[in-house]
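Visitor: I should like to learn how the words used to describe a structure are justified. Please take me through one example, term by term.

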Amino acid sequence: MKVVDARVIVTGPGANFVTLKVETDEGIHGVGDATLVGRELAVATYLSEYVVPMLTGRDAFAIEDTWQLLGRGSYWRRGPVQTTAQSAVDMALWDIKGKALGVPVYELLGGRSRKGLMCYSHAHGDTIEDAVEMLHTKLEAGYRAVRLQCGIPGLRTVYGVERDLSEQPGTPHERPYSESWDTEAYLRIAPMLFEAAREAVGGEVHLLHDVHHRLTPIEAARLGRDLEPYRLFWMEDAVQADIQTAFRTVRQHTTTPLAVGEVINHLSECEVLIREQLIDYIRVAAVHCGGITGLRKIAAFAEPYQVRTGCHGAADMSPITLAAALHFGISAHNVGIQERALHTPQTDEVFPHAYTFSDGLLDPGEAPGLGVDIDEALAAGYEYRRSYLPVARLRDGTMTNW
Ligand code: EZ4
Ligand code: CO
């Protein structure tokens, strides 16, 4: 089966998504997510200008060789633009092979390892009380694991909490919004949030928290310790991910489990984290780490070190990425949990999908391939509009990590 055509589809059904659609000479097509949020058109151009011309005429079944061609065969290796493009091609080829053989992709990956994949949802609020109230609604909706974030007194906008942007100049279409940050205020309130949450919902529920790269190693060590009484499932992105050895300090001081990886695109960026067992969960997403093939390679490396996956599942990656994560997550052994943020109803319509949620578990479904597609006619009705992710500054105006 040969690839005869590949096209990049850019659409904005409530959020911007870039999709690669690969067509074969047997009339079967596959889809891959190529969304790099805030830099979408860089990947779209990389694909259409440099990758698509290499794909036409290739054997659509040669998934590994194509992955190597786009990764090893790119002299300028790694980098999120390259790996996101490579990921989209990889997903589309797994989709095609599954459809051609009449099986869901998870069957090609070794078959089911579990009945369903535990996922976590998000709860947040300006105040601790509001956050705990939302936690209750998530538990009522069936989730067994919930990420919890709250506002910080004195700061108007904080990561993970609905934003009041009324006083921000301009729009995110023109320039990034600027959030503010105060580490000491955060370190005071975060343990209070989890104390209140445990008091409200007891010990059984899995509670997670995302620090979003904001602390130094010694600050993260202190927070990890302060959170120990509340038995978190994980503390995420405690320090910025790009200095792997920074996790040594955090690890030495706390038994709070650690997760990192949503901005990691390549095994070389998490090799020390895994080999030294500095983390418990690696959070790479199929859309940024080389597709299903890249995710499998990282997970296979992590397995003997007892590091499990907890794939990034924010709503700024398309349902194709979630489907890929579910086929991987239902079949691989060392899988811990899957993040699940709800897509907008428009996004769900543009990307019809076979995956389902019930009783806290996600399932990829039994449709051949990835079980997800793009409705191009609907997609054409939603324009792309440039939108930046926010940035963050300390109270005195110094740039810090968002
Ligand atoms: O900040 O997807 O765990 N989830 C996250 C996300 C990321 C966004 C970046 O676009 O940290 O909210
Ligand atoms: Co995160």
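**Cavities, a metal site and a sheet**

Guide: The lining of the second largest cavity divides into 4 nonpolar, 6 polar and 2 charged residues. This is a predicted model, in which local features need pLDDT of at least 70 and side-chain atom pairs count only at pLDDT 80 or more, while totals for chains, interfaces and linings use all residues. Residues are numbered from 1 along each chain as its sequence is written, chains are lettered from A and ligands numbered from 1 in the order in which they are written, and side-chain values use heavy atoms, leaving out hydrogens and water.

Visitor: What makes a lining residue nonpolar, polar or charged?

Guide: Ala, Val, Leu, Ile, Met, Phe, Trp, Tyr, Cys and Pro count as nonpolar, Asp, Glu, Lys and Arg as charged, and the others, Gly among them, as polar. The lining includes Ala 314, Glu 339 and Gly 313, so these are nonpolar, charged and polar respectively. Helix H11 (319-331) and strand E12 (335-339) each give two or more residues to this lining; helices (at least four residues) and strands (at least two) are DSSP runs, numbered from the N terminus.

Visitor: How many cavities of 30 Å³ or more are there, and how much space lies in the largest?

Guide: There are 2 such cavities, and the largest holds about 100 Å³. Its lining has 15 residues, with Gln 149, Val 158, Tyr 159, Tyr 186 and His 209 nearest its centre. A cavity is a set of points on a 1 Å grid where a 1.4 Å probe fits but cannot get out, and lining residues have an atom within 4 Å of a point.

Visitor: Why are Asp 210, Glu 236 and Glu 262 called donors of the cobalt ion (ligand 2)?

Guide: Donors are N, O and S atoms within 2.8 Å of the metal (3.2 Å for Na, K and Ca). The oxygens of these residues lie 1.9 to 2.1 Å from the cobalt ion, so they qualify.

Visitor: Why is the site called irregular?

Guide: Six donors count as octahedral if opposite donors are over 155 degrees apart and all others between 65 and 115. The angles among the 6 donor atoms run from 24 to 176 degrees; 24 fits neither range, so the site is irregular.

Visitor: What makes E15 and E16 a pair?

Guide: Two strands pair if DSSP finds at least two bridges between them. E15 (residues 391-394) and E16 have 2 bridges, so they pair, in the antiparallel sense.

Technical notes: Tetrahedral: all angles 85-135°; square planar, octahedral: opposite > 155°, others 65-115°. 1 Å grid on protein atoms, 1.4 Å probe; cavity = no way out; pocket = protein on both sides within 12 Å on 5 of 7 lines; lining within 4 Å. Points joined across faces, edges and corners; volume = space filled by probe spheres on them.
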